[in-house]
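The following explanation is intended for a reader who meets this structure for the first time. Please view the sequence and the model together before reading on.

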2 protein chains.
Amino acid sequence: MSTWARQPPCVPTSKSVASRRAQVHGLGLIGGSLGLALRSAGWDVSGYDVNPSRRAEALELGVVDDLHLDRPSDVAFVAAPAAVLPSAVLFALSRTDGCVTDVGSVKSGVCSAVGDGRFVGGHPMAGSEQVGLRGARADMFDGAVWVLTPAESTSDEAYATVRSVVGELGAETVTMPADVHDSLVAVVSHVPHLTAATLMRLADERGTERAVLKRLAAGGFRDMTRIAAGNSDIWLDICEANRSAITSCLDRLIGALGEMRSAVEGGDRGKLSELLEQARRARTNLPVGAPADSDLVELRVPIPDRPGEVARIATLAGQLDVNIYDLEIAHSPEGDLGVMILVIPVEKVEVLRAALADGGYSPALGSLPG
Amino acid sequence: MSTWARQPPCVPTSKSVASRRAQVHGLGLIGGSLGLALRSAGWDVSGYDVNPSRRAEALELGVVDDLHLDRPSDVAFVAAPAAVLPSAVLFALSRTDGCVTDVGSVKSGVCSAVGDGRFVGGHPMAGSEQVGLRGARADMFDGAVWVLTPAESTSDEAYATVRSVVGELGAETVTMPADVHDSLVAVVSHVPHLTAATLMRLADERGTERAVLKRLAAGGFRDMTRIAAGNSDIWLDICEANRSAITSCLDRLIGALGEMRSAVEGGDRGKLSELLEQARRARTNLPVGAPADSDLVELRVPIPDRPGEVARIATLAGQLDVNIYDLEIAHSPEGDLGVMILVIPVEKVEVLRAALADGGYSPALGSLPG
C-alpha cells in the first residue's frame, strides 16, 4: 500500500513558494492594487510597466518593492490591456520560472493563445469607479470572487500556486473553463453594461425634455445606469474580445424584451406576472456576501499523476457551485498516482461525490483534524 | 392703475387653508407616509381606507388623527391602487369641498377620467423597498421630486394649494402635462424595471450554471437588478395603465440594443465608442440631489383671470427645467386680471422670459425684498 506525503495546503513544491517573490506586470488600478495587496500579505513585489514614468510612480507610491524582473519569483500577475494581453503574458513567462496568471475580463482568447503549463487564466471580479494607479487599494480583492480558468495544458502546480496566492489576498476562488467564464460574464457584466448605456442614451435623446427627465430619475434608474459612467475604452476591448458571447446574449435579451413587450401590449397579466415573479424570486435569492458558515468535511480523490487533473476536478466543483475551502495534493512516492484532498461544506458532499463518480473518480470521505 | 393685493405664497384663498385639515384616502406605504408627514407638518389628518382593519391600525399607529371624512378639509390625498384610482378620486371629491390630488405612478388615465376643477394629478417620485402601512415614514417625501400634472380644467386654487402642501412635506414640485409625465416615467422607471427583470431572468435561465453565475454577479449587476426584487403586482397595474408609452419605449430600447449588437458583431469600434461615450457623458451629468443654491429673482407675469393659467405657466417652466422656488398669485380688485409672481434662479430668467413672451405673456423682472 502506498503512503501519502501530505503537504501544506496548496503548496505543491516548497522551493518556489518559499521565496515569496511576486511580479506584477502592468501598473494601473488592478496591477497597483495587486502590488499593495501582495506587499501587505508579506510578499516581495517586483513591478513592470511599459510606461517608465508609471514604473517610477509605482515605486514612489510603495506599490512595488522594486523594478527588477531578473530575480526568481513564484508567481507573476499580468494586468495588461486586452489588446496586448497574450504578448504581455508571454513576456512574463520569459521573465520568471514560476507560474503566471492574468486578470483580464475575457478569458478564451488569452488562454488559447498561451497554452503554457505554467500559465493559468484568472479574473478577479473586483474593481472600482477609480481609474489608474492612484485609485489602487490593498483591500481591492478582499471578499471578491476570483475566477480561475485552467486549460488542459495548465500544470497542477501552477493552478495550486495561483489559487493559494489569490486566497492570501482575501479572494474566494471559483474555477471554470474559459469559455464558460466568458459566456457567464456576458450575462452578468458585459450585456448589463451595454444595456445600462442604452437606457441612459434613450433618456438622453428626449431633446428639450431631457433636463426635466433627469430630475425625475430616482434611485432605481440611478442604480441601473451607474455602471454606464465607467471608462468606455475598456468596454471597446471587452466587446471585441468577447464578441460572440455578447452578441448571443444580446440576442437573447432582445428576444426576451420582445416577449415582455407582447405581454404588455396584449394586456396579458398572467404572462407578465409569470415573467416578473421569476425575476423577483431570482433577485431575492441572489447570494449576499460570503456563503454562510458550514460544517466542513474532507473529500479524498485519488487521481492519476498527470497534468490538468487538479484543474479538472476544481472546474467540476465550480460548475456545481461547490465552494472549495482548502485544496491539497499528496503525491505517492512512486509518482504514478496522487490524492487530491478537498475541504468542502458538508451539504455539498453528495452532489460532488456523485459527479466525481460519474467522471470515473473514486472519491472517499476523509475526516478533518480537530 | 390697478393695485395688487399681494397674498401669502401659494395661498390663493385664506379661508380654506386656514383650517389645516387634510384627508388621506388609502392607508398603505405612501398613504401612511403622507399621514405621518402631514401630521409632523402640523396638519390635522383624517384617514380613510376600504379595509376597516387597516383604518384601525392607522389610528393605532398615529398615522392619522381620526377617521372622520365629514369635516371641512383643504386637501385630500388619494393613495389608492391604480385599478380603483379614478373612483377613489371621485369619492374623495364627494367628501371634501377642498382640492384633491392623487399619488398614482401613471397620470393620463386618472386625469382624463376625473376632469374636476378641484382635482390636480400628482406623483411623488418616492418609495421604499418596504410595503404596507408599517413601512410608512414621515420623511418619505423629504427632498423628493413631486410631479404635478394639472389639466386644462384644474383651477389655479387647486394647483396652488396642492403645490404649497407638497412643498411643506419637503418635496420639490415639477409641473408637466399628464401625457408627458407618462412618457418620461416609461423611460426612467417603467422600462428600466422591466429590463432589470429581463436581465435577471436571463441569468436565472442558465440551468446548472445558475448557481455559479450568481456568485459572479458583482456590484454592477446587483445595482442593475435590485429593482427587480420589488412587488410585481404593482407593475402589472403600471403596465396596464401606461401601456402605450411602455410599448413605444420598449420598441426604442429593442431598436437601440439591435444597433449596439450590430456594432459589437461588426467590430465597429468607432460606432461603439460613440454610443458608450454618449451614455457616459449623460450619466456623469445626471444631477445629484437638490440643485445648487442660486441667486433668486422674481418674475412677474400678468395673466388673465381665467382657470388654468397658473398650471399652464408652471408646466412651461417645468418643461424648461426652471425650478420654481416660490409662486404667488395676486388678483386685481377688479377681478379681470391677475399677476403671477414666480421666484426662480437668476440664470433661468432669460430662457423662461423668452418662452413666456413667445406664449403671448408679458413677463417683467421684479425685485426680491431684502
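The paragraphs below proceed from a single chain to its interior, and then to the contact between chains.

The model shown here is predicted. Chain A contains 14 helices and eleven strands. Of its 370 residues, 50% are buried. Among the contacts in chain A with a separation of 6 or more, 71% are accounted for by residues 24 or more positions apart.

The interior may be considered next. In soluble globular proteins, nonpolar side chains tend to be buried together. In this model, the largest nonpolar core has 222 residues, and of these Val78(A) and Val78(B) touch the most other members. Which residues does Val78(A) contact, leaving aside its neighbours within four places in sequence? They are His25(A), Gly26(A), Leu85(A), Ala88(A), Val89(A), Ala92(A), Val100(A) and Asp102(A).

Helix 10 of chain A, spanning residues 232-241, offers a view of packing within and between the chains. Its buried residues are Ser232(A), Trp235(A), Leu236(A), Ile238(A), Cys239(A) and Ala241(A). Within chain A, these buried residues pack against helix 5 (108-114), helix 7 and helix 11 (243-265). They also pack against helix 11 and helix 12 of chain B.

The contact between the chains can now be described as a whole. It brings 82 residues of chain B into contact with 82 residues of chain A. On the side of chain B that touches chain A, the elements giving two or more residues are strand 6 (145-149), helix 7 (178-204), helix 8 (210-216), helix 9 (219-225), helix 10 (232-241), helix 11 (243-265), helix 12 (269-284) and helix 13 (309-319) of chain B. Helix 7 of chain B gives the most to this side, with 19 residues. By class, the side of chain B that touches chain A comprises 47 nonpolar, 16 polar and 19 charged residues.

One pair of helices illustrates the contact in detail. The axes of helix 7 of chain A (residues 178-204) and helix 11 of chain B come within 10 Å and cross at roughly 125°. Helix 7 of chain A is therefore oblique to helix 11 of chain B. The crossing of these two helices is right-handed. Helix 7 of chain A contributes Leu194(A), Thr195(A), Thr198(A), Arg201(A) and Leu202(A) to the contact, while helix 11 of chain B contributes Arg252(B), Leu253(B), Ala256(B), Leu257(B) and Met260(B). Six of the residues in this contact are nonpolar, two are polar and two are charged.

Definitions and conventions: Residues numbered from 1 in each chain as written. Chains lettered and ligands numbered in written order. Predicted model: local features only at pLDDT ≥ 70, side-chain atom pairs only at ≥ 80, totals over all residues. Contact = placed C-beta atoms within 7 Å. Helix = DSSP H or I, 4+ residues; strand = E, 2+ residues; numbered from the N terminus. Nonpolar A, V, L, I, M, F, W, Y, C, P; charged D, E, K, R; others polar. Axes fitted to C-alpha atoms, helices over the stretch in contact; angles between N-to-C directions. Parallel < 35°, antiparallel > 145°, perpendicular 65-115°, else oblique. Left-handed = near helix turned anticlockwise from the far one by under 90°. Core = buried A, V, L, I, M, F, W, Y, C linked by C-beta atoms within 7 Å. Buried ≥ 20, exposed ≤ 12 C-beta atoms within 10 Å, placed from the backbone.
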